[in-house]
Amino acid sequence: MGRTTRKLATEVAEYDVRTKILHWVFAGGILYASAVGYALHFIPTGRIHTGLSHLNMSLASVLILLFPFRVWWRIVRPEPAPPQGLSAGQVHAARMIQTVIYAAIFAVLASGYLMVPDGYWFFGFAWVPTPFAKGAVTD
């Protein structure tokens with residue numbers, strides 16, 4: 001009789017479809033918000049600039065609102081075992097770096113909100129005030 005090993009409840013072969021979708025929604029949203037955020041510096045002030053800015057902030061706001069859910073999901077969902085051959089120190093370092101990445105994502109999203117002067121229209125339906133008026137902090 002061969003000895004059988006039981007997988008831990010927190011170990012799976014790969015991430016499930018919902019986790020992958022959530023990952024790519026955030027990745028796509030972050031890439032879009034970053035690209036448009038930087039591009040806005042080169043677009044002259046006017047209707048196009050304002051429209052893109054409000055759309056960008058609306059999408060970033062959705063990410064900000066979903067971020068606590070994303071962190072909770074990361075904590076409660078099972079994850080695949082680390083690749084074989086990694087030392088415990090390497091696994092720990094990888095998890096620490098992932099934590100730093102999550103903190104950086106939150107900082108970028110929050111700072112984007114804080115840097116918008118006066119406020120913005122959330123998908124054109126609701127006015128969202130921001131804490132600073134146009135001036136030294138937001139320019």
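The legends below accompany close-up views of a predicted model.

**View 1. Overall arrangement of the chain.**
In this predicted model, the chain has three helices and four strands, and from the N terminus on its elements follow the order β-α-α-β-α-β-β. Of the 139 residues of the chain, 22% count as buried. When contacts between residues at least 6 apart in sequence are considered, 57% of them join residues at least 24 apart. The chain exposes about 10,200 Å², and carbon and sulfur atoms supply 71% of that area.

**View 2. Helix α1, its N-terminal cap and its buried residues.**
Helix α1 comprises the 23 residues 17–39, for which a rise of 1.5 Å a residue gives an expected span of 33 Å; the C-alpha atoms at its ends are 32 Å apart, which agrees with that expectation. At the N-terminal end of α1, aspartate 16 acts as the cap, with a side-chain oxygen lying 3.2 Å from the backbone nitrogen of arginine 18. The buried residues of α1 are Thr19, Leu22, Phe26, Ala27, Gly29, Ala33 and Val36, and what covers these buried residues includes α2, residues 47–76.

**View 3. The aromatic pair between helices α2 and α3.**
The structure holds eight aromatic pairs, and one of them is formed by phenylalanine 67 and tyrosine 102, whose ring centres are 6.2 Å apart and whose planes stand at 55°, so the pair is classed as tilted. Because phenylalanine 67 lies in helix α2 and tyrosine 102 in helix α3 (residues 88–114), the pair ties together parts that are 35 residues apart in sequence. Phenylalanine 67 has a relative accessible area of 9% and is therefore buried, and tyrosine 102, at 16% relative accessibility, counts as buried because its value is under 20%. Ring pairs also link these residues with Phe26 and Phe106, so that Phe26, Phe67, Tyr102 and Phe106 make up a cluster; Phe26 is one of the buried residues of α1.

**View 4. The tryptophan pair.**
Tryptophan 121 and tryptophan 127 form an aromatic pair with a centre-to-centre distance of 5.4 Å and an angle of 70° between the planes, an edge-to-face arrangement. Tryptophan 121 counts as partly exposed at 39% relative accessibility, and tryptophan 127, with a relative accessible area of 43%, is likewise partly exposed.

**View 5. The hairpin of strands β3 and β4.**
Strand β3 (residues 119–122) pairs with strand β4 (residues 126–129) in the antiparallel sense over four bridges, and phenylalanine 122 has alanine 126 in β4 as its bridge partner. The two strands form a hairpin with three residues between them. Phenylalanine 123 is placed in the loop between β3 and β4, where its phi is near 50°, a positive value in a residue other than glycine. With a relative accessibility of 35%, phenylalanine 123 counts as partly exposed.

**View 6. Aspartate 118 in the loop before the hairpin.**
Aspartate 118 lies in the loop between α3 and β3. The phi of aspartate 118 is positive, at about 70°, although the residue is not a glycine. At 44% relative accessibility, aspartate 118 counts as partly exposed, because this value falls between the 20% limit for buried residues and the 50% limit for exposed ones.

Key: Residues are numbered from 1 along each chain as its sequence is written. This is a predicted model: local features need pLDDT of at least 70, side-chain atom pairs count only at pLDDT 80 or more; totals for chains, interfaces and linings use all residues. Side-chain values use heavy atoms; hydrogens and water are left out. The expected span of a helix is 1.5 Å times one less than its number of residues. Buried means under 20% relative accessible area, exposed over 50%, partly exposed in between (1.4 Å probe, protein chains only). Contact means heavy atoms within 4.5 Å. A polar contact is a pair of N or O atoms within 3.5 Å; within protein, one must be able to donate a hydrogen and the other to accept it, and residues adjacent in sequence count only if both atoms are side-chain atoms. Rings of Phe, Tyr and Trp (its six-membered ring) pair if their centres lie within 6.5 Å; planes under 30 degrees apart count as stacked, over 60 as edge-to-face and the rest as tilted. Two strands pair if DSSP finds at least two bridges between them. Accessible areas come from the Shrake-Rupley method with a 1.4 Å probe; for residues, only the protein chains shown count as cover.
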